Amino acid sequence: MKTSMDGWGSGLLGVLIFSGSLPATRVAVGGFSPLFLTSARAVIAALLAAVLLVIWRQARPVRRDMVSLAIVALGVVVGFPLLTALALQTITAAHSVVFVGLLPLMTAVFAVLRGGERPKPLFWLFSCLGSAIVAGFALVTGDATSSLGDLLMIAAIVLCGLGYAEGARLSRRLGGWQVISWALLLSLPVMVALALLTMPVSWQAVTMPAWLGLAYVSVFSMLVGFVFWYRGLALGGIAAVGQLQLLQPFFGLALAATLLHEQVSLGMLASTVAVVLCVAGAKRFAR
């Protein structure tokens with residue numbers, strides 16, 4: 001029981017950190033191209049991860065871990081950051097964060113396919129209901145947005161769910177922060193080359209908010225958040241703790257309202273309460 005509660009607490013902290021990712025990305029793409037932003041955040045996080053691995057003298061992963069680490073890198077180091085950065089050129093931060101509500105269901109699907117988990121039938125009911133609430137909220141409150149941006153967000157969610165489930169499965173053996181650290185280092189050569197090819201022509205044109213957005217997604221979204229998130233998934237169960245992501249759109253909307261001055265409606269608050277109930281129900285029937 002204590003292990004499960006530790007997992008849920010760690011997972012919630014990870015969700016809170018990730019909630020700032022899309023608003024920060026929205027700000028950062030105002031000064032950087034999506035390709036540079038994706039590669040730069042990975043390079044910065046990889047350098048920090050390398051320092052941590054050296055200080056704590058972590059053993060290198062074995063050959064059989066390379067495929068899993070590559071999947072993690074594809075999903076959360078490259079896929080999700082790049083696709084969301086591209087999407088946020090055409091849709092608002094408030095609209096984009098609502099798509100994250102579909103992430104728990106996708107994570108649960110990959111937890112079954114890759115992690116061998118078998119949640120109870122009622123778990124799927126609460127999970128689908130929570131996702132439907134979030135999707136309905138997006139339809140009701142969404143403005144005129146680019147269909148391309150929506151498709152990019154859906155693709156990002158699929159890859160992110162895969163990366164979450166695969167990373168959580170591997171973290172049971174390697175440890176949570178070690179998984180994201182090795183995945184970052186695995187992708188480092190490609191990300192360095194991409195960053196050099198896509199760096200801004202003039203650094204003077206980059207505003208301070210864009211720099212702050214880059215700093216947040218590099219340190220917190222790309223590294224620190226995963227330390228807590230993968231630990232939570234490994235301890236509490238991928239499918240179960242993954243339901244906490246249903247809360248992320250509403251945390252993200254609150255941040256978007258505060259930082260980007262977007263309006264928070266009563267519908268958001270009502271949907272938040274309903275989603276909290278779905279998270280509680282999914283937690284109860286996860287195993």
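Here a biologist and a modeller talk through a predicted model.

Biologist: Let's start with Val134. Why is Val134 called buried?

Modeller: Val134 has 1% relative accessibility, and buried means under 20%, so the label fits Val134. You'll find Val134 in helix α7, which covers residues 121-141.

Biologist: How far is Val134 from Val98, in sequence and in space?

Modeller: The two are 36 residues apart in sequence, and their C-alpha atoms are 6.4 Å apart in space.

Biologist: Okay, and Gly237? What makes Gly237 count as buried?

Modeller: Its relative accessible area is 2%. The cut-off for buried is under 20%, so Gly237 goes in as buried. Gly237 isn't placed in a helix, by the way: Gly237 lies in the loop between α10 and α11, the latter being 238-241. From Gly237 to Leu105 it's 132 residues along the chain and 14 Å between C-alpha atoms.

Biologist: Now Met199. Why is Met199 called partly exposed?

Modeller: Take the value, 35% relative accessible area. Buried would need under 20% and exposed over 50%. Met199 falls in between, so it's partly exposed. Met199 is in the loop between α9 and α10.

Biologist: How do you know that Met199 can be part of a surface patch?

Modeller: Patch residues need over 30% relative accessible area, and Met199 has 35%. Met is also on the list of nonpolar side chains used for patches. Met199 makes the nonpolar patch together with Val192, Leu196, Trp203, Met208, Trp211 and Leu212. The patch comes to about 680 Å².

Biologist: Which helix gives the largest share of that patch?

Modeller: That's α10, with three residues. Both α9 (176-198) and α10 (208-236) supply at least two residues each.

Biologist: Let's go inside. How many cavities of 30 Å³ or more does the structure hold?

Modeller: Two. The largest has about 120 Å³ of space. Its lining has 15 residues, and those closest to its centre are Phe18, Ser21, Phe80, Tyr164 and Ser221. Helices α2 (21-28), α4 (66-87), α8 (147-174) and α10 each supply at least two lining residues.

Biologist: What makes this a cavity and not a pocket?

Modeller: In a cavity, a 1.4 Å probe fits but cannot get out, whereas a pocket is open. The 120 Å³ space is a cavity, so a probe placed there cannot get out.

Biologist: What classes of residue line the largest cavity?

Modeller: There are 11 nonpolar, three polar and one charged.

Biologist: And which residues line the second largest cavity?

Modeller: Phe18, Ser19, Leu22, Pro23, Val97, Val100 and Gln248 do, around a volume of about 30 Å³. By class, five of them are nonpolar, two are polar and none is charged.

Biologist: Last one, the second largest pocket. Why do Gly20 and Gly213 in its lining count as polar?

Modeller: Gly is not on the nonpolar or charged lists, so it counts as polar. Both Gly20 and Gly213 are in the lining, which divides into 10 nonpolar, two polar and no charged residues.

Biologist: Which helix gives the most to that lining?

Modeller: α10 does, with four residues. Helices α2, α10 and α12 (248-260) each supply at least two. The lining includes Tyr216, Leu255 and Leu259, and about 200 Å³ of space lies in the pocket.

Key
Residues numbered from 1 in each chain as written. Predicted model: local features only at pLDDT ≥ 70, side-chain atom pairs only at ≥ 80, totals over all residues. Heavy atoms only, no water. Patch = residues over 30% accessible without salt bridge, like charges linked within 9 Å, V, L, I, M, F, W, Y side chains within 5 Å. Areas by Shrake-Rupley, 256 points an atom, 1.4 Å probe, with all protein chains shown as cover. Salt bridge = Lys/Arg side-chain N within 4 Å of Asp/Glu carboxyl O. Buried < 20%, exposed > 50% of the residue type's maximum accessible area, 1.4 Å probe, protein only. 1 Å grid on protein atoms, 1.4 Å probe; cavity = no way out; pocket = protein on both sides within 12 Å on 5 of 7 lines; lining within 4 Å. Points joined across faces, edges and corners; volume = space filled by probe spheres on them.
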